[in-house]
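Trainee: I would like to learn how to read a metal site together with the strands around it. Could you take me through one case?

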Amino acid sequence: MIYLSRRENTWTRIILHGDMDAFFAAVEQRDRPELKGKPVVVGGTGGRGVVSTASYEARRFGIKSAMPMAHALRRCPEAVVLPPDFSRYQTVSAEINAVFNSYSPLVEPLSLDEAFIDMTGAEKLFGSPAEMAERLKRDVREATLGLTISVGVSTTKYTAKVASDFQKPDGLTLVPENAVRSFLRPLPVSRLWGVGDKSRQILETAGFRRIEDVADSTPEKMAQLLGSVGVQVWELANGIDPRPVVPQRDAKSIGKEFTLETDVRGKTAIMPFLQTAAEKVARSLRKQGLEASGVRVKLKTSDFQLLSRQENLRRSTDSALPLFQSACALLDRMPLTFAFRLVGLAAFHLRPAGQSAQGMLFEDAAREKQQRLDRTMDAVREKFGDPALQRGNAAQIFSATAIQKKSGGEDQ
Ligand code: TTP
Ligand code: MG
């Protein structure tokens with residue numbers, strides 16, 4: 001861990017960038033302990049396959065992402081080559097995103113394994129910027145059962161990202177405002193966003209090799225060399241990057257529907273499906289670090305008529321019980337004389353969990369307890385399967401969970 005400045009610093013913004021180390025390969029090494037410490041290469045195993053990523057042990061042989069697999073194996077014939085297993089990487093990605101979302105409502109994921117987190121103003125809750133980063137590393141390691149993340153902290157997105165890469169793996173690099181320019185100056189110009197191979201060649205031919213060469217030049221000169229990106233390149237070289245962290249709220253609702261083999265009639269027959277759906281939806285919410293404050297019940301009659309009712313909860317939740325209670329209340333407002341072939345529950349008005357944490361600190365111990373219980377149940381289900389599916393009329397169930405990306409109210 002390095003601190004580029006130990007002086008007391010003011011932080012106009014606190015932006016963290018987290019990026020998992022050798023992500024796909026690290027997941028493989030975690031799940032197959034016999035691979036720990038070995039060169040592991042994940043990627044296409046066919047004749048023209050390319051490397052997705054390599055463990056740090058394999059990188060010592062010069063193996064890199066996007067390299068042809070055959071080339072990689074020439075460099076290290078004893079490397080263990082594995083095909084990618086995206087669904088497992090997506091599960092881990094959801095776990096790390098749940099951690100990120102518990103730190104700030106402003107989380108901008110860039111890929112499965114990295115995100116920006118804007119923590120400006122959160123010192124009272126999370127401590128100093130260095131403490132935030134240390135805590136994030138610890139929480140990610142716990143949530144993923146041992147995987148490491150490298151974290152950069154700075155006052156801009158650009159410097160935070162460069163910082164997270166500075167001391168990989170398991171790095172923590174803090175670049176306060178007064179250290180930004182000196183941190184960037186010695187780096188090669190290829191580290192500037194917007195400088196690809198072509199621009200790098202142009203810059204190097206003109207004598208600009210390091211970021212300091214660009215920083216000490218002028219925006220006009222850079223525009224002359226690089227065209228429209230030139231001014232931005234000059235700004236980045238000087239640590240100027242006002243871009244905000246833009247949260248990605250793509251899932252508008254999370255739902256679970258059961259299409260039934262035999263139609264059901266009446267509230268008592270429908271309720272077990274809503275209960276199972278509430279448990280599934282709540283678990284999805286928790287996995288993604290989200291809470292919902294809207295609940296919708298959807299029923300489809302045997303002649304394919306859709307009925308739906310929805311309501312807003314008084315407080316947002318990621319627990320099954322309030323979702324189920326609301327669904328039961330909604331059911332009482334629906335005409336239940338028909339035979340139904342589909343029962344569904346969706347949670348909407350999603351937002352990152354814990355946003356209202358300040359207001360909740362001293363209240364509602366019962367809710368906290370329920371949340372702990374839910375999390376324990378999640379862990380049990382992950383390990384032993386889903387007891388909820390063994391309940392009620394489960395034998396009839398044959399449809400699956402849906403995460404709906406359309407805006408709310410799609411099934412009105
Ligand atoms: P990266 O974060 O770029 O790489 P990494 O996590 O493997 O290693 P590190 O961050 O420690 O340098 O990408 C994340 C994952 O995305 C990576 O594990 C595999 C995948 N990926 C590809 O499939 N192809 C690629 O060309 C790159 C760069 C990544
Ligand atoms: Mg990574």
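Trainee: Which residues are the protein donors of the magnesium ion (ligand 2)?

Mentor: This is a predicted model, in which local features need pLDDT of at least 70, side-chain atom pairs count only at pLDDT 80 or more, and totals for chains, interfaces and linings use all residues. Residues are numbered from 1 along each chain as its sequence is written, chains are lettered from A and ligands numbered from 1 in the order in which they are written, and side-chain values use heavy atoms, with hydrogens and water left out. Donors are N, O and S atoms within 2.8 Å of the metal (3.2 Å for Na, K and Ca), and sites may look incomplete because water is not among the atoms. Here D19 (OD), M20 (O) and D113 (OD) are the protein donors, lying 2.0 to 2.2 Å from the magnesium ion (ligand 2).

Trainee: Which parts of the chain does the pair M20 and D113 tie together?

Mentor: Strands are DSSP runs (E, at least two residues), numbered from the N terminus. M20 lies in strand β2 (residues 15-20) and D113 in the loop between β6 (107-111) and β7 (114-118), so the pair ties together parts that are 93 residues apart in sequence.

Trainee: In which sense do β2 and β7 pair?

Mentor: Two strands pair if DSSP finds at least two bridges between them. β2 and β7 pair in the antiparallel sense over 5 bridges, with D19 opposite E114 in β7.

Trainee: Are M20 and D113 buried or exposed?

Mentor: Buried means under 20% relative accessible area and exposed over 50%, with partly exposed in between (1.4 Å probe, protein chains only). Both M20 and D113 are buried.

Notes
Helices (H or I, at least four residues) and strands (E, at least two) are DSSP runs, numbered from the N terminus.
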